[in-house]
Amino acid sequence: MSSRRETMLREMGLAPLWKSRGAKAGTIGAGGKPPAPPGSFVDEDPPSTPSVAREARIARMDWTALKAAVPACTACALHKSRTQTVFGVGDENADWLLVGEAPGAEEDQKGEPFVGQAGKLLDAMLAAIDLSRDTNVYIANVLKCRPPANRNPDPSEVAQCSPHLQRQIDLIKPRLILAMGRFAVQTLLGTEASIASLRGKLHAYHGVPLIVTYHPAYLLRTLPDKAKAWQDLVFAVRTFEGLQAREPAPT
Ligand code: SF4
């Protein structure tokens, strides 16, 4: 294990208990990508309602259009209380996509997801498996605006904002999604099952393999579950490596 990884694991309170077996820097981010999963918001029939028309419009956007549309969005009441939208950050061609819930106070101020203590923990966890939001991961939330007082998102807010995340996923074409926290997990998988019951299994979102883990903010409050989160990351790395191994050799 590299000294950098040891340092990161120590920051997470995990070293020397957990160690990723087989996770190497060169193995992540290599290789081609599978075809894009079919987007659920593209309707072959002509749009029949304003809502369907909006979803179809978003589903056709490129990065430039999407990055302009989100800050201008007033589709739900959250636009009234936000300081700014939090679009997402990272490599737009990343193999790994991390999805959280919604911006908190610091994210609302800075316009970037996962800043503050939870962000530091997330960065440490990613560094331990040789991933970084600066180079080979994309990080986004289900909601692009902060719910007041960090209340739980309302289903109607999720419905209005989901086309943005769906379009991000279609554009990124990730090979693996890591859903972090109950809200992101339940939204993406369309279930009310607990994280505990969903961890350690391979799920899928629109054809993209999806792995479930805890939200870093939760881990800050519940230290014993850090070890479980590390298990989830190791599972994610092994799954990713398995996906690569099944890729046909380039001709
Ligand atoms: Fe628009 Fe999403 Fe913000 Fe609601 S949360 S205003 S749908 S960007």
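# A tour of the predicted model

Begin with the ligand, which sits in the largest cavity. The model in the viewer is a predicted one.

**Stop 1: the ligand and its shell**

Select the ligand, then display the residues around it. Which residues are they? Cys73, Ala75, Cys76, Leu78, His79, Arg82, Lys144, Cys145, Gln160, Cys161 and His164. Colour this shell by residue class: 6 of its residues are nonpolar, 3 are polar and 2 are charged.

**Stop 2: the whole chain**

Zoom out and switch to a cartoon view. How many helices and strands does the protein chain have? The secondary structure comes to 10 helices and 6 strands. The chain has 251 residues, and 49% of them are buried. Now turn on a surface. The accessible surface of the protein chain is about 11900 Å², and carbon and sulfur atoms account for 53% of that area. Contacts tell something about how the chain is arranged. Of the contacts in the protein chain with a separation of 6 or more, 74% join residues that are 24 or more positions apart.

**Stop 3: helix α2**

Select residues 50-59, which form helix α2. Which of its residues are buried? They are Arg54, Glu55, Ala56, Ile58 and Ala59. Next add residues 63-69, helix α3, and residues 155-172, helix α6. Both α3 and α6 are among the elements that cover the buried residues of α2.

Keep the helix on screen for a general point. An α-helix has 3.6 residues a turn, so residues three or four places apart point the same way.

**Stop 4: helix α7 and the glycine after it**

Move on to α7, residues 182-189. Its buried residues are Phe183, Ala184, Val185, Gln186 and Leu188. What do they pack against? The partners are strands β2 (96-100), β4 (176-180), β5 (203-205) and β6 (208-213), together with helices α6 and α8.

Step past the end of α7 to glycine 190, where phi is positive, near 60°. Glycine 190 lies in the loop that leads from α7 to α8 (195-198). Is this residue buried or exposed? Glycine 190 counts as exposed because its relative accessible area is 64%, and the cut-off for exposed is over 50%. To set a distance in the viewer, pick the C-alpha atoms of glycine 190 and tyrosine 205: they are 9.5 Å apart in space, with their positions 15 residues apart in sequence.

**Stop 5: three more loop residues**

Select asparagine 93, in the loop between β1 (89-90) and β2. Asparagine 93 has a relative accessible area of 56%, so it is exposed. Tyrosine 138 is 45 residues away from asparagine 93 in sequence, yet the C-alpha atoms of the two are 8.1 Å apart.

Go next to asparagine 150, in the loop between β3 (137-141) and α6. Its phi is near 55°, which is a positive value in a residue other than glycine. Asparagine 150 is partly exposed, with a relative accessible area of 44%.

Then select lysine 173, on the loop from α6 to β4. Lysine 173 is also not a glycine, and its phi is positive, near 55°. At a relative accessible area of 33%, lysine 173 is partly exposed.

**Stop 6: two residues within helices**

Select aspartate 123 in helix α5, residues 116-128. Why does aspartate 123 count as partly exposed? Its relative accessible area is 32%, and partly exposed covers what lies between the 20% limit for buried and the 50% limit for exposed. Aspartate 123 and proline 216 are 93 residues apart along the chain, and their C-alpha atoms are separated by 9.8 Å.

Finish with alanine 159, in helix α6. Its relative accessibility is 45%, so alanine 159 is partly exposed. Draw a line from its C-alpha atom to that of threonine 187: the separation is 9.8 Å, and the two residues are 28 apart along the chain.

Conventions:
Residues numbered from 1 in each chain as written. Predicted model: local features only at pLDDT ≥ 70, side-chain atom pairs only at ≥ 80, totals over all residues. Heavy atoms only, no water. Helix = DSSP H or I, 4+ residues; strand = E, 2+ residues; numbered from the N terminus. Buried < 20%, exposed > 50% of the residue type's maximum accessible area, 1.4 Å probe, protein only. Contact = heavy atoms within 4.5 Å. Areas by Shrake-Rupley, 256 points an atom, 1.4 Å probe, with all protein chains shown as cover. Near = heavy atom within 4 Å. 1 Å grid on protein atoms, 1.4 Å probe; cavity = no way out; pocket = protein on both sides within 12 Å on 5 of 7 lines; lining within 4 Å. Sits in = over half its atoms within 2 Å of the grid points. Nonpolar A, V, L, I, M, F, W, Y, C, P; charged D, E, K, R; others polar.
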